[in-house]
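The exercises below ask you to reason from a model to statements about its helices and residues. Each task is followed by a solution that proceeds step by step.

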Amino acid sequence: MKKNSDSLGTASISSLLIKQAVPASIGILVMSLNIIVDTIFVGRWIGPLAISAITVVLPVTFFIAAIGLAVGIGGSSVLSRALGKGDDEKALKVFGNQTTLTFLTSGLLAVLGLVFQDYAINFFGADDSFRDLALTYYRIVLYGIVMLAMCMMGNNVIRAEGKPKFAMYAMMLPAIGNIGMDYVLINVFDYGMAGAAWATFISYTVCFLFIVWFFIFKSELRLKLRSFVLDSKIVKEISGLSAVTLARQGVIAILTILLNNVLISYGDAIDVASYGIISRALMFALFPVIGVNQGFMPIAGYNFGAGKFQRVREAINTSVIYSGILALGIFILIMIFAEPFVGIFISNKSGQDLGTIAENAELLKRTPNALRWVFAATPVIVIQLIGGSYFQAIGRVIPALLLNLTKQGFFLIPLILILPHYYGVFGVWISFPIADVLSTAVTGYFLRRAVKKDLVEP
């Protein structure tokens with residue numbers, strides 16, 4: 001077995017972080033651009049209500065794909081520490097079990113999602129104005145969601161091996177393909193929402209095929225059939241850490257459902273479309289910060305497993321500094337360019353009916369200030385991200401779970417349930433920065449205490 005992962009314990013932390021974070025950031029950027037462009041095409045070529053439709057479908061597809069993300073991140077924490085200790089046999093078993101768990105769980109959820117599709121769409125917040133559009137998109141995307149879950153899992157394993165460039169390619173190829181297919185299927189062939197959905201399905205297929213190719217020809221993890229047989233001890237270890245990411249992603253899905261319903265109750269479909277644009281902005285604008293966070297995890301996990309605690313300290317400090325600088329830059333750009341950013345989702349082509357023209361004007365009026373409020377506390381969120389990831393990387397399940405749920409579960413959801421009663425839709429938007437500040441304070445306290453206690457050289 002080639003030991004490409006050895007460099008995680010020997011190279012300088014700054015160079016490792018750049019090596020891990022830059023490809024991760026580029027991959028996330030391209031994937032985010034894919035989502036942004038997909039939404040732009042849908043908004044410009046179908047209309048604002050199509051953005052609302054995609055937004056209400058997002059929670060179920062997001063949660064099923066999160067199965068792969070959770071098993072990928074949780075299992076890769078176990079895998080990174082096994083590689084750090086030189087336990088190659090365990091690393092192989094972990095990866096094989098990750099594959100089996102992801103396939104079985106995401107497959108079951110996809111089937112249930114299709115069986116109960118009508119109930120699901122209503123529950124997620126669709127109203128009569130865009131329900132048919134949402135159902136069209138939902139059905140087709142769910143056909144390929146297992147492939148996306150497998151891609152999310154495999155991508156994290158690739159990064160844990162110390163091969164971030166291939167992880168970047170796994171995100172770039174389907175994103176580029178989806179943009180091209182969006183143009184062909186929506187604009188050229190005029191397939192509408194079905195075209196957008198099939199373009200997304202094709203992107204999942206491309207990603208899945210690339211992941212399979214990597215693990216057959218490029219990976220140092222040469223699996224055998226016995227690796228796929230579930231081992232109760234390994235499943236328990238993977239599941240404990242995966243529960244952290246899955247709980248966080250599950251809470252995000254619940255949050256999205258809640259947001260859709262609250263926005264419909266206190267506003268209308270245009271407010272749902274506003275949140276659809278804002279959620280894309282969150283994925284897109286924060287790509288370098290998330291990239292640093294993803295780059296940090298295998299470095300911290302490997303060095304903690306190897307007992308190199310000073311390197312873990314250095315990884316924390318360097319990651320906070322790098323991501324803090326990036327977050328400040330993102331904050332400034334959003335505050336200045338909110339209107340132009342929102343404007344790219346809105347069509348100004350001639351021949352539109354009066355209803356669509358009015359919807360576009362209202363969307364452009366409401367969204368920029370909402371976007372600014374949601375990003376108002378961006379400079380402080382890096383502590384929250386790095387702190388939660390630290391506990392997950394070193395295998396501390398309970399603190400990782402609690403800290404990763406702090407923003408959405410403990411603060412944001414209660415705020416969204418309370419503040420709109422007093423401030424209407426505006427109460428939704430101001431809930432975001434309040435939750436960011438509170439969760440950062442909590443995470444910073446526990447991270448500082450853990451570093452003093454755990455990372456002491458013998």
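## Exercise 1: Leu326 and its surroundings

Leu326 is partly exposed in this predicted model, its relative accessible area being 34%.

Task: State in which helix Leu326 is found, and which residues Leu326 touches beyond those up to four places away in sequence.

Solution. The first step is to place the residue, and Leu326 is found in helix H12, which covers residues 309-343. The second step is to check the class of exposure: a value of 34% falls between the cut-offs of 20% and 50%, and Leu326 is therefore partly exposed. The third step is to list the contacts, which, once residues up to four places away are set aside, are Pro288, Val289 and Val292. For one of these residues a backbone distance can be added, since the C-alpha atoms of Leu326 and Val292 are separated by 9.6 Å although their positions lie 34 residues apart along the chain.

## Exercise 2: Helix H5 between two partners

Task: Determine how H5 is oriented relative to H8, and how H3 is oriented relative to H5.

Solution. Begin with H5 (residues 131-143) and H8 (residues 192-217), whose axes come within 8 Å and cross at roughly 20 degrees. Angles under 35 degrees count as roughly parallel, and H5 is therefore roughly parallel to H8. The crossing in which H5 passes H8 is right-handed. On the H5 side the contact is made by Leu133, Thr136, Tyr137, Ile140, Val141 and Tyr143, while H8 contributes Met193, Ala194, Ala196, Ala197, Trp198, Thr200, Phe201 and Tyr204. Sorted by class, this contact of H5 with H8 holds 12 nonpolar and 2 polar residues, and no charged ones.

Continue with H3 (residues 88-115), which packs with H5 at an angle of about 155 degrees, the axes being 10 Å apart. Angles over 145 degrees count as roughly antiparallel, so H3 is roughly antiparallel to H5. Here the crossing in which H3 passes H5 is left-handed. Ala110, Gly113 and Leu114 of H3 meet Tyr138, Arg139, Leu142 and Tyr143 of H5. The residues of the contact of H3 with H5 divide into 5 nonpolar, 1 polar and 1 charged.

## Exercise 3: Length and burial of H6

Task: Compare the expected span of H6 with the distance between its end C-alpha atoms, and state how many of the residues of H6 are buried.

Solution. H6 runs over residues 145-160, and its 16 residues, at 1.5 Å a residue, should span 22 Å. The end C-alpha atoms of H6 are 23 Å apart, which agrees with that expectation. Turning to accessibility, 15 of the 16 residues of H6 are buried, and H6 is therefore largely enclosed by the rest of the structure. Just after this helix, Gly162 takes a positive phi of about 85 degrees.

## Exercise 4: Ile270 and Thr367

Task: Say whether Ile270 is buried or exposed, whether Thr367 is buried or exposed, and how far apart in space the two residues are, C-alpha to C-alpha.

Solution. Ile270 is placed in helix H10 (residues 269-285), and Thr367 is placed in helix H13 (residues 354-374). Because buried means under 20% relative accessible area, Ile270 with 8% is buried, and Thr367 with 0% is buried as well. The two residues are 97 residues apart in sequence, and their C-alpha atoms are 9.2 Å apart in space. When neighbours within four places in sequence are left aside, Ile270 is in contact with Glu359, Glu362, Leu363 and Arg366, whereas Thr367 is in contact with Ser274, Ile277, Ile278 and Val342.

## Exercise 5: Asn178 and Asp190

Task: Locate Asn178 and Asp190, and say for each residue whether it is buried or exposed.

Solution. Asn178 is found in helix H7, and at 2% relative accessibility Asn178 counts as buried. Residues up to four places away not being counted, Asn178 touches Asn34, Asp38, Ala199, Thr200 and Ser203. Asp190, by contrast, is found in the loop between H7 (164-188) and H8, and its relative accessibility of 61% makes Asp190 exposed. The phi of Asp190 is near 55 degrees, a positive value in a residue other than glycine.

Conventions
Residues are numbered from 1 along each chain as its sequence is written. This is a predicted model: local features need pLDDT of at least 70, side-chain atom pairs count only at pLDDT 80 or more; totals for chains, interfaces and linings use all residues. Side-chain values use heavy atoms; hydrogens and water are left out. Axes are lines fitted to C-alpha atoms, for helices over the stretch in contact, and angles run from 0 to 180 degrees between N-to-C directions. Helices (H or I, at least four residues) and strands (E, at least two) are DSSP runs, numbered from the N terminus. Angles under 35 degrees count as roughly parallel, over 145 as roughly antiparallel, 65 to 115 as roughly perpendicular and the rest as oblique. A crossing is left-handed if the near helix is turned anticlockwise from the far one by less than a right angle, and right-handed if clockwise. Contact means heavy atoms within 4.5 Å. Ala, Val, Leu, Ile, Met, Phe, Trp, Tyr, Cys and Pro count as nonpolar, Asp, Glu, Lys and Arg as charged, and the others, Gly among them, as polar. Buried means under 20% relative accessible area, exposed over 50%, partly exposed in between (1.4 Å probe, protein chains only). The expected span of a helix is 1.5 Å times one less than its number of residues.
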